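Trainee: I'm new to this one and would like a close look at a single part, the place where two helices pack together. Could you walk me through it and then show me what lies around it?

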8 protein chains.
Amino acid sequence: MDIDKLIVDLKTGKLSDKDFKSELLKTQVQDLGDVVLDLQREARCGIPEVVFAQSKTVEQILVAAERLLEKYDRLLITRIKDSKAIEVMERLAEKGCTYEKDAEVIYKLPPVKSEKTVLILTAGTSDIAVGREAELTCRMFGLTTRMKVDVGVAGLHRLLGISEELLAADCIIVCAGMEGALPSVVGGLVKVPVIAAPVSCGYGTAFSGLTAMLGMLNSCASGLTVVNIDNGFGAGYAAGRILAGK
Amino acid sequence: MDIDKLIVDLKTGKLSDKDFKSELLKTQVQDLGDVVLDLQREARCGIPEVVFAQSKTVEQILVAAERLLEKYDRLLITRIKDSKAIEVMERLAEKGCTYEKDAEVIYKLPPVKSEKTVLILTAGTSDIAVGREAELTCRMFGLTTRMKVDVGVAGLHRLLGISEELLAADCIIVCAGMEGALPSVVGGLVKVPVIAAPVSCGYGTAFSGLTAMLGMLNSCASGLTVVNIDNGFGAGYAAGRILAGK
Amino acid sequence: MDIDKLIVDLKTGKLSDKDFKSELLKTQVQDLGDVVLDLQREARCGIPEVVFAQSKTVEQILVAAERLLEKYDRLLITRIKDSKAIEVMERLAEKGCTYEKDAEVIYKLPPVKSEKTVLILTAGTSDIAVGREAELTCRMFGLTTRMKVDVGVAGLHRLLGISEELLAADCIIVCAGMEGALPSVVGGLVKVPVIAAPVSCGYGTAFSGLTAMLGMLNSCASGLTVVNIDNGFGAGYAAGRILAGK
Amino acid sequence: MDIDKLIVDLKTGKLSDKDFKSELLKTQVQDLGDVVLDLQREARCGIPEVVFAQSKTVEQILVAAERLLEKYDRLLITRIKDSKAIEVMERLAEKGCTYEKDAEVIYKLPPVKSEKTVLILTAGTSDIAVGREAELTCRMFGLTTRMKVDVGVAGLHRLLGISEELLAADCIIVCAGMEGALPSVVGGLVKVPVIAAPVSCGYGTAFSGLTAMLGMLNSCASGLTVVNIDNGFGAGYAAGRILAGK
Amino acid sequence: MDIDKLIVDLKTGKLSDKDFKSELLKTQVQDLGDVVLDLQREARCGIPEVVFAQSKTVEQILVAAERLLEKYDRLLITRIKDSKAIEVMERLAEKGCTYEKDAEVIYKLPPVKSEKTVLILTAGTSDIAVGREAELTCRMFGLTTRMKVDVGVAGLHRLLGISEELLAADCIIVCAGMEGALPSVVGGLVKVPVIAAPVSCGYGTAFSGLTAMLGMLNSCASGLTVVNIDNGFGAGYAAGRILAGK
Amino acid sequence: MDIDKLIVDLKTGKLSDKDFKSELLKTQVQDLGDVVLDLQREARCGIPEVVFAQSKTVEQILVAAERLLEKYDRLLITRIKDSKAIEVMERLAEKGCTYEKDAEVIYKLPPVKSEKTVLILTAGTSDIAVGREAELTCRMFGLTTRMKVDVGVAGLHRLLGISEELLAADCIIVCAGMEGALPSVVGGLVKVPVIAAPVSCGYGTAFSGLTAMLGMLNSCASGLTVVNIDNGFGAGYAAGRILAGK
Amino acid sequence: MDIDKLIVDLKTGKLSDKDFKSELLKTQVQDLGDVVLDLQREARCGIPEVVFAQSKTVEQILVAAERLLEKYDRLLITRIKDSKAIEVMERLAEKGCTYEKDAEVIYKLPPVKSEKTVLILTAGTSDIAVGREAELTCRMFGLTTRMKVDVGVAGLHRLLGISEELLAADCIIVCAGMEGALPSVVGGLVKVPVIAAPVSCGYGTAFSGLTAMLGMLNSCASGLTVVNIDNGFGAGYAAGRILAGK
Amino acid sequence: MDIDKLIVDLKTGKLSDKDFKSELLKTQVQDLGDVVLDLQREARCGIPEVVFAQSKTVEQILVAAERLLEKYDRLLITRIKDSKAIEVMERLAEKGCTYEKDAEVIYKLPPVKSEKTVLILTAGTSDIAVGREAELTCRMFGLTTRMKVDVGVAGLHRLLGISEELLAADCIIVCAGMEGALPSVVGGLVKVPVIAAPVSCGYGTAFSGLTAMLGMLNSCASGLTVVNIDNGFGAGYAAGRILAGK
């Protein structure tokens, strides 16, 4: 190690105090980098780096994915579409990976290691893909997950019908498009963290999820937090930050 | 009347057929105007012209208001603020008008003449002024009104606690700011017309009611309709169009 | 039934008062659900659930459609495009369904059961698809409909030429893109409810219907209400809420 | 003059051909400036420079105004508000200037010198200030003007009632706020130039005149042109460009 | 004629005064329609109806086009793209029509009948299609046109190099995308009408022409007017309104 | 209690089974309300209702505040400005409440009951008011808080200088205006939950906090969540949801 | 110094290698901080910290200003308005500071130490305040500055009349509001860096400088760069980064 | 030459002084054009005209490219996509041109002639194409370039790990999408010019690079400047303006 060598050189007189400090200055950024890296490596014990495939080539994805599979028992590739996904799966299928077309993810899940439960709700059927991305991200942290779909506020009985699941969850992710009202109702029923994930479904003034997101940011229920539109990964990761290690 | 005179002139030979048609051409626009005016006068039997005070002087408001009070048993002046309102009331108070400061209206109500009931709901206390403008406009049509405030979705029990009122109404106006989710929930519970009135309360990305309005336009409940932000008058007038004469 | 059984158990002493209340608590959400469902079932007497096809697979659409056709004499599938529609029609054509390509709907109409008439107007030929979606939705409620196309304000005589239809309607739906001025003119001519449906035609600053929608929300004619861009279904459903059962 | 001196120096041999061209190069930008200035001076025969007072001090306004009054028989100061206007008028009143508070203009009109007529229409009373700014600007070009207020489309008979004025005008300026529909209707009735001036009245989604402007830009009537919000001066000036010298 | 018959019936006593007025009421809207239609027919002497092909089928376009060609010596079809245009041309080519692919127009020009000249300028090569749509529309009015391309402000010498053309024009249409600065410079050089046509070229914050349009609306040159983005037709039509009949 | 009475009446035969069910139906909404209320009451053990003062009168605020102070050892009033606050403090000061002018809050803090620590960071001095609202809300949950101000990314050493605090926190709230970059950097350094609170400072394209919020929503650090602009209360409440009871 | 003491302790054996590395880890962030700080101190030789007064109290401003005046021969306080400025000047006037009301700055200039010249242009008189903020910021770097006002593109001769100044400058800052076209024309005439500073003057769709900024970002002149609206300070600082030390 | 001939004619008496001035007037615009052209030709010594291929045909591109290659040792064609690029390369490959698919550029580089170094940084891998366009544009000026990719702020150690490169650069271009935070951090570490180039990667509220751009414009680091979204060419050209000739 660099620092070790510098210490030896200092103690053996190869480096004067002044030169030692000068050399130290050059390396400490690197060292700080290592500190940060260590923190991140520790973070990655929960969840190794996730491959964001949107702007990567098949080859770039495979290089990253295969290196990660050598080190870890889990993998998550997000935003990967059909033809790219099929090519990637040709090499990853045999390594235990699964491709989920609608959610545009390839994943290999680790065993569940925490009883802490994330409940993922979707207002409609159009929100399921985002919900699944969130769920699989939670699973990368080893968390327990449950998912309930199509429980939007226009048919309130559907939501009230799952009140037991609502009360049992340690964290709730709510995926909704259109007017994005479901998180407000859920947030008024529970006291655990509620993460709202706006979805780009709908048309016209749905503005590709913007209306849902604005609604969630202005919820009359207190203490909701919001992620970017269609960012199921971010919602799941936020749940992981909240529950991992608990 | 012009037409009457033309007919006389035609029949007495003062006007040739050709001249009659020529004169007719000149007046018929006016006549059409009369037709339109007649239709509107008929409409005004329900509700005479409302004075929109925002860009009028005290004198202009008084001229309009006093002429209307000569003809009708009712009056509504909207968007009239303190100093202007106080000046106007100096002459209108004695004529049975009331000034409601928060709603920025001056009104003289007619007797209720229809059992058709408009239920006005507000999500929070900040929405009451818009709700009142809506209610008073409904009252100008002679409709029965009820108002329930602070029944927003973050405390669902408040809304469910007034389910009888919900089911008894012939038309419901829902005033809400922030995320504007209340109309969606109400729209899923009833089958009568639901008119959503977005309110410019909230801050930041509430965008002065725009977020509420967008939410209402994208409601997952079917068949809601929406009016402009803070347009309680428009919501009440729409209810009048729906229920007046029924 | 659950409640029946609980009552029996309470009266026969199988359940103590306390246990009865406890059991009741567990089921009442479900019960409330039933209440809501009942309300909705009643609502559905007018119009059974409509299938929003945009984000559904052919199989999902068929499952829903065929179940609905078992129970009801009518069906409406909205936002269904060519290839999907053709596949769906392979099984629904024989069941009396029709596919209308431009409006992107599949429908089976019930008999007309109300003389209440909804007049659907379109400003231009580009607005016809939205107008037809509105008309067919009205027909699902059993309402009478009339449709007049291409009566935009730039050629005022076209609108004035149908003044009889305007005055005879019980409710008017106005579909318009570009500047969306037609509802203002219509709203000034009639006193029945006017529902404005903005259409995403035009280019540049038409902003896919947003300009039309903003114009409609700010109409100088009083008491117009507005639905989301291209939401013919919503406009028709709103007319159904207004006229159904009258 | 510079060029005259250069010519003399060239012809007397004081300047070589090369030096003449070099000197010419230095001055010609200035000369071009003169050309442009000449063109503008000619343009200013119709209308001398107008003082835009919004960001000027009283002293700056007076310096400009008094210099202009020395040269010309007319003056227009736009966007000048109360206290500033009162101070300015202390010195300009005696010079034949008039202050019009609502339109925020100070003006001294030249005699009418053209029978070409600009008709200024306003949809409502809130649009009059913008209309007056337009009218006074037209008057600076010596044009004849007529103004008709409160002829908005919600009461169509008002517009049809002035059809003679519509047909007699050489150019029409239409000032409208809210949904800005009036220019579309007017544009469909006449074949002369129609200039649409959006006005920042209304509230909520009127967006301070933006909705009106978008409506005007997307008019279904062909060949309308549009100016900035509240830009009565620009609309009047455009009419001046169209009719001046004709 | 209806009115003639009514007059006869009135004079012969077949109709009472009251019935005459009643019948008159029914027909006058139609009559007014005729008046409006007459005005428009007169307008169409300059330019017959233009076919906006964007949302029309090949068959609809052909029906309109062929009827127009029977009556008029000119035709303009705008916003018609490749496959549609090719099909349409199969029948219109033999009738003297030309298809211009880049401008997405099919046209048959009338002879030039006015020496009034419209100068069409484009800032860059990307603006030529819009410029051509404007030019061809002017030609439909029988106006003389000139077109100068690629004279944007970043190379000022290009614009100054055509100053003679600038000064000779009776009306100038300026097509520009990106920052849309060219109309400001042109507007400061001439006193004839300047119509600014924003173009949807550029990328990023060019916002498909919105930036150019906003720049044009806020020009520091007085009296410019603006049309919708990419609306070459509207700009040409506005020039026609200005110059036709002069 | 209602249900108790119904049970008695059922068992004593006063109510038939059918009537019992009917009565039950009427009350169960209320009962469900109670259930929800219970859940909320439990939630309120952590934090009683907070008074949002923005649209309330002094009297309304005092009624709420004094009722809350009777039941609880803590109070939080948010968004209360000078004159209103001074009036309110006249009665609340003696009850142990403190007014903090910059943060626009009145509060009475409970004892700290959890060692779980929320670290509140602000990028600049302008963000302190929002940060304080967040901190005081956390304190309402009995949480431990630390606050570090002016650690924005333009002087990275300031942030790195508090790395111990960063690593010791159980949850971090980051308040930032302008470009809102601080949460991204913090989110890359820690694995605990990071809540980003955008602040409406800055000018021009800061768009009153919108730019900061958009930046936070698109952070390249994974799993950040975001609240509305200036919503320190929401950020603190979210931290409370995460840490309360742990 | 910490590191010195650690080195001594390492060499004297007070610290083991392991403990030394551990202690080092704790301090190095601080050390890195120092490195960054050093860089900044060096940067500040050119220009010490500038006081952004917008969200600071008079006392906060004075503390910062007086500390800076002890160390440096120059001072710049930006965005300081009347009453605040007057209070601050009560103590700073005697220290050689000047208050410039329109530009909202207080400054004490250093001697000019570089012949590198920044030319500041403003399109109109409304842009002068922003231009002055830019100029004074340049002066803080010891640069030479020139300023030419009111040379906007609508009167091209004004700009061409200062072509010598244009060609002599080492860097040009162009301040413009409305359509922001001036930087495009300037950028096409010179090859030195051109920094465009949009100004929030104008009205309506000027959108408080946004239109000018969008125009500048989409300039057809290559290689312009842009700062935030009204950010004269940023433009001047950018010029300082470009020319300082040259 | 025209001027030469005019001079001869003046001196030989063929032209009177008056006629000479008149003729001069006609030509001087052209002459001014030459002046401007000369300035530009000088500018082009650094970098000849760049071909913006987006809206040009293959033939237009080739005409421009081949003429430029005759005169210059370098060429840059930007925004040229696959099929077009392949066709163009069929003729340009043999002339020493290279096609870089991801950056959508064809280029032929001149030798490096300046040691002034532009450091191009990208926050992520998605920003590389924009970075390369910037780098190649810098190379057209003969500047030295370095590029470091994927040094975004979420992993701060990556940026600190290249601190030597940061301190050695004469100008830094920072390409970043998503929240665009990297320029702020870089701007706080160096005192050379920093040009921020927003990139249209990301999704949802990344708004195709708008969020990144807004963040950069509101950076808390002083003196950053910004170019249009995805405008690597503009960023590189700005660096060329700054460093060329130094």
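**Two helices side by side**

Mentor: Let's start with the residues that touch. In chain B of this predicted model, helix α3(B) brings B:Val58, B:Glu59, B:Ile61, B:Leu62, B:Ala65, B:Glu66 and B:Leu69 up against B:Lys84, B:Glu87, B:Val88, B:Arg91 and B:Leu92 of α4(B). Sort those residues by class and you get seven nonpolar, five charged and no polar ones.

Now for the geometry. Two packed helices are described by the angle between their axes and the distance between the axes. Here α3 of chain B covers residues 58–71 and α4 of chain B covers residues 82–92; they pack at an angle of about 35°, and their axes are 10 Å apart. As for the hand of the crossing, α3(B) and α4(B) cross in the right-handed sense.

Hop over to chain C and look at α3(C) and α4(C). Their axes come within 10 Å and cross at roughly 35°, and this crossing is right-handed. On the α3(C) side, the contact is made by C:Val58, C:Glu59, C:Ile61, C:Leu62, C:Ala65, C:Glu66 and C:Leu69, while α4(C) supplies C:Lys84, C:Glu87, C:Val88, C:Arg91 and C:Leu92. By class, that contact of α3(C) with α4(C) splits into seven nonpolar, five charged and no polar residues.

Stay in chain C and step back to C:Thr57, which sits in the loop between β1 (51–52) and α3 (58–71). Is C:Thr57 buried or exposed? Somewhere in between: C:Thr57 has a relative accessible area of 43%, so it counts as partly exposed. Then look across to C:Lys84, one of the α4(C) residues in the helix contact. C:Thr57 and C:Lys84 are 27 residues apart in sequence, yet their C-alpha atoms are 8.0 Å apart in space.

The strand on the other side of that loop, β1, belongs to a sheet. Four strands of chain C make up this open, mixed sheet, and their order is β1-β2-β4-β3. At the edges you'll find β1 and β3 (98–100), each pairing on one side only. The partner of β1(C) is β2, residues 75–78 of chain C; the two run parallel and are joined over two bridges. To see how they line up, find C:Phe52 and look straight across to C:Thr78 in β2(C).

Let's finish with the aromatic rings, since they give you some handy landmarks. Over all chains there are 28 aromatic pairs. Take F:Phe233 and F:Tyr237: their ring centres are 5.6 Å apart and their planes stand at 70°, so this pair is edge-to-face. F:Phe233 and F:Tyr237 both belong to helix α10 (residues 232–243) of chain F, where they're four residues apart, about one turn of the helix. What about their surroundings? F:Phe233 is buried at 15% relative accessibility, and F:Tyr237 is buried too, with a relative accessible area of 16%.

In chain A, A:Phe233 and A:Tyr237 join A:Phe141 in one aromatic cluster. Chain A is also a good place to get the overall picture: its secondary structure has ten helices and nine strands, and 60% of its 246 residues count as buried. Among contacts in chain A between residues at least 6 apart in sequence, 67% link residues at least 24 apart.

Definitions and conventions
Residues numbered from 1 in each chain as written. Chains lettered and ligands numbered in written order. Predicted model: local features only at pLDDT ≥ 70, side-chain atom pairs only at ≥ 80, totals over all residues. Heavy atoms only, no water. Buried < 20%, exposed > 50% of the residue type's maximum accessible area, 1.4 Å probe, protein only. Axes fitted to C-alpha atoms, helices over the stretch in contact; angles between N-to-C directions. Left-handed = near helix turned anticlockwise from the far one by under 90°. Contact = heavy atoms within 4.5 Å. Nonpolar A, V, L, I, M, F, W, Y, C, P; charged D, E, K, R; others polar. Pairing = 2+ DSSP bridges. Phe/Tyr/Trp six-rings, centres within 6.5 Å; stacked < 30°, edge-to-face > 60°.
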